[in-house]
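Welcome, and please open your viewer so that we can walk through this structure together. At each stop you will hear what to select and what is there.

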Amino acid sequence: MFPPYTFAKQPLKTLYLIYQVLTTVFVRVPIWTLIATLPWTRQRKSWTMKREVMVKIVRHLLSVVGPQVGRVGNPPDHTRLVLGKGVSGLWVGPVPRHLIQADIATLAEAANVEPIRVPAYWFHNQGSGFVAKEMAQPGEKILLFFHGGGYIRLSAHPSDATANVPRGFVQNNIFRRVLSVEYRLSSTDPLTEPTHPFPAALLDALAGYMYLVDSLGFSPSNIVVGGDSAGGNLSHALTRYLCEQNGEIPGLPAPPGALILASPWVDLYDLETKNPDSSLHAYEQSDYLQLSHGPSYPHRAFTGIHGLGLALYNRYISPAGLHPKLVSGLSFKGFPRTFIIVGGAEILHDSIVRLKDRMVADIGENNVRYYRAPDGIHDYLVFPWHEPERSDTYKSIAAWL
């Protein structure tokens, strides 16, 4: 096994990608398909042959190819607004400095993280009468969305794979429009010097929230904050900051009216790796995410100069963590009603259940809707082929809202 990012630079990257494409298309996929024709070889009894093979393909791309080459091509990021046919977006101004207070201000100063302007993209149904920068309509609810990708990859742009999640909300008529923020991604060695660690993404998320309130006139009670995977982590962090500082900082809006967390990454330290019975081990073969044995690149990049210890005890980063400070000293008082989505075949299952239990203990079962797709993989809303779980989940969210 090669060290991470061995093939991150050209020309090795291109050669390695060609090798992976050829061997996957002509060797791996045929073998995986042949094996999957036998129902008893599939990881879950309910899975079709197609799902079994697709999970293996995604696992190979994310767990084998991705860690060797890094980002492929020149995908959109926080430095540029990429518009085009059917793509509507805007620049969101930096969050005012006086709104960054308490320990978030301390962490930002330590990491030399400054507020900046970032792109954001609209999702809406074609022919819906959408107008860019349209003010909030009476009673209109809107989703402020944050994409997944371990804080190191993927994009808010409509061309990205994770765009299937916000697009699903408008296609199912849950929201008339969704705003997805292109927050800063973290990076570190061996690719770059430590760049954009926590709380960079949180400041960008707050900027998106301020835009909806101050520029478009949305009442916080009509804003739903949501995200998938790392975007779920960011959604929680933004909501926590708004709840904890509610009424403390002049000009800071109230917390959102609701929160949607899809397969949220809520324990970044992963103490459970020492427990062989945890979902990190038990569901490793049924999920495309793979257990990290030791500090992984996303963990190091996101914590940056603060060190990995920040993920062990910080309430913004690991609200489902197992550190005693988080087990007994964490509060969700003031949080809005929350919809939590988890797949019964994903390795993050147990940490998400812990988050649910802690939220229920603080804000009550009536304010926490827990939706478990028994054989769902991590972040299954991203994958159009993950049916019927995907459609059923959107229907449940619509009924809940």
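Which backbone oxygen lies 2.7 Å from a polar atom of the side chain of Asn233? Select Asn233 and look around its side chain: the backbone oxygen is that of Trp265. Keep in mind throughout the tour that this is a predicted model.

**Stop 1: around Asn233**

Asn233 belongs to helix 6, which covers residues 230–244. With a relative accessible area of 2%, Asn233 is buried. Now show what surrounds Asn233: leaving out residues up to four places away in sequence, it touches Tyr151, Pro264, Trp265, Val266, Leu268, Tyr316 and Ile317.

**Stop 2: the cores**

Next, select Trp122, Leu144, Phe146, Phe198, Leu212, Ile223 and Leu238. These are the residues with the most contacts inside the largest nonpolar core, which has 75 residues. Colour helix 5 (residues 200–215) as well, since you will want to see its share: with twelve residues, helix 5 gives the most to this core.

Zoom in on Phe146. Not counting neighbours within four places in sequence, Phe146 is in contact with Val181, Tyr183, Ala205, Val225, Gly226, Gly227, Asp228, Gly231, Leu234, Ser235 and Leu238. Apart from this core there is another, of 32 residues; to find it, select Val55, Ile260, Phe339 and Trp385, which are among its members.

**Stop 3: helix 4**

Move on to helix 4, residues 164–171. Its buried residues include Val165, Pro166, Gly168, Phe169 and Val170. What do the buried residues of helix 4 pack against? Show strand 2 (118–124), strand 3 (142–146), strand 4 (177–181), strand 5 (223–228), strand 6 (258–262) and helix 12 (389–400), and you have the partners on screen. Just after helix 4, pause at Asn173, which takes a positive phi of about 55°.

**Stop 4: salt bridges**

How many salt bridges does a search of the whole structure find? The search gives 14. Here are some to visit.

Begin with Arg97 and Glu114, whose closest N and O atoms are 2.5 Å apart in their salt bridge. Arg97 sits in the loop between strand 1 (88–92) and helix 3 (102–110), while Glu114 sits in the loop between helix 3 and strand 2, so this pair links distant parts of the chain, 17 residues apart. Arg97 counts as exposed because its relative accessibility is 58%; Glu114, at 33%, is partly exposed.

Then select Glu140 and Arg176, a salt bridge with its closest N and O atoms 3.6 Å apart. Glu140 is in the loop between strand 2 and strand 3, and Arg176 is in the loop between helix 4 and strand 4, so the pair ties together parts 36 residues apart in sequence. Glu140 counts as buried at 9% relative accessibility, whereas Arg176 counts as partly exposed at 30%.

Last of these is Glu244 with Arg315, where the closest N and O atoms are 2.8 Å apart. Widen the selection to Asp103, Arg240, Glu244 and Arg315, and you will see a network of linked salt bridges.

**Stop 5: a surface patch**

Finish on the surface with Ile18, Val21, Leu22, Val25, Phe26, Val27, Ile31 and Ile35. Together they form a nonpolar patch with about 740 Å² of accessible area. One of them, Val25, lies in helix 1 (residues 12–36) and counts as partly exposed at 45% relative accessibility.

Key
Residues numbered from 1 in each chain as written. Predicted model: local features only at pLDDT ≥ 70, side-chain atom pairs only at ≥ 80, totals over all residues. Heavy atoms only, no water. Patch = residues over 30% accessible without salt bridge, like charges linked within 9 Å, V, L, I, M, F, W, Y side chains within 5 Å. Areas by Shrake-Rupley, 256 points an atom, 1.4 Å probe, with all protein chains shown as cover. Salt bridge = Lys/Arg side-chain N within 4 Å of Asp/Glu carboxyl O. Helix = DSSP H or I, 4+ residues; strand = E, 2+ residues; numbered from the N terminus. Buried < 20%, exposed > 50% of the residue type's maximum accessible area, 1.4 Å probe, protein only. Core = buried A, V, L, I, M, F, W, Y, C linked by side-chain atoms within 4.5 Å. Contact = heavy atoms within 4.5 Å. Polar contact = N/O pair within 3.5 Å; in protein donor to acceptor, adjacent residues only side chain to side chain.
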